[in-house]
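Student: I am new to this structure and would like to go through it step by step. Please show it to me before we begin.

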Amino acid sequence: MSLDTPLSAIEAQLQDVETALMATDPLTLEEAAQRLREAAFALSQALERSGGQGTWPEGTAARIQAIGTRLGLLREQLARVLALTERQTASLLPPVQGVTYGKAGSAPAAPGARIYRAPG
């Protein structure tokens with residue numbers, strides 16, 4: 001199998017993930033990310049079968065480097081979107097001030113609600 005097919009597939013999937021990220025559609029992004037993982041796995045299998053770097057066709061190393069660069073940029077974009085989403089969520093749902101039933105991680109001061117205590 002030629003490396004051109006899996007390289008083209010991963011390049012197409014990268015474009016799909018970038019498009020889904022810009023569209024802010026989480027379901028489409030999740031599906032595109034899954035297909036990207038599958039394409040990356042197929043590429044890794046093809047690279048293992050192709051042998052060493054010296055046996056690759058001309059331009060393959062440059063394409064792989066470009067894919068790595070795009071993945072890095074995509075990771076940065078996802079981190080920015082995550083930070084923005086966390087800020088938006090915090091503005092809609094402020095952090096909880098306290099725990100309903102006493103302090104978090106501590107034993108309750110009372111033995112429990114009266115309804116749950118054994119009679120007697």
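Student: What is the distance between the end C-alpha atoms of helix H2, and which expected span should be set beside it?

Tutor: The model is predicted, so local features need pLDDT of at least 70, side-chain atom pairs count only at pLDDT 80 or more, and totals for chains, interfaces and linings use all residues. Residues are numbered from 1 along each chain as its sequence is written, and side-chain values use heavy atoms, with hydrogens and water left out. Helices are DSSP runs of H or I with at least four residues, and strands are runs of E with at least two, numbered from the N terminus; the expected span of a helix is 1.5 Å times one less than its number of residues. Because H2 holds 25 residues (26–50), it should span 36 Å, and this agrees with the separation of its end C-alpha atoms, 35 Å.

Student: How many helices and strands does the chain have?

Tutor: Read from the N terminus, the elements follow the order α-α-α. The count is therefore 3 helices and 0 strands.

Student: Which helices do the buried residues of H2 pack against?

Tutor: Buried means under 20% relative accessible area, exposed over 50%, and partly exposed in between, with a 1.4 Å probe and protein chains only. In H2 the buried residues are Leu29, Ala32, Leu36, Ala39, Leu43 and Ala46. Contact means heavy atoms within 4.5 Å. The packing partners are helix H1 (4–23) and helix H3 (60–92).

Student: Is Val17 buried or exposed?

Tutor: Val17 lies in helix H1. Its C-alpha atom is separated by 5.2 Å from that of Ala32, 15 residues apart along the chain. Leaving out residues up to four places away in sequence, Val17 touches Leu29, Ala32, Ala33, Leu36 and Leu74. Because its relative accessibility is 2%, Val17 counts as buried.

Student: Which residues have the most contacts inside the largest nonpolar core?

Tutor: A nonpolar core is a set of buried Ala, Val, Leu, Ile, Met, Phe, Trp, Tyr and Cys residues joined through side-chain atoms within 4.5 Å. The largest one has 16 residues, and H1, H2 and H3 each supply at least two of its residues. In soluble globular proteins, nonpolar side chains tend to be buried together. Those with the most contacts inside this core are Ile10, Val17, Leu36 and Leu74.

Student: What is the phi of Gly51?

Tutor: Gly51 follows H2. Its phi is positive, near 90°.
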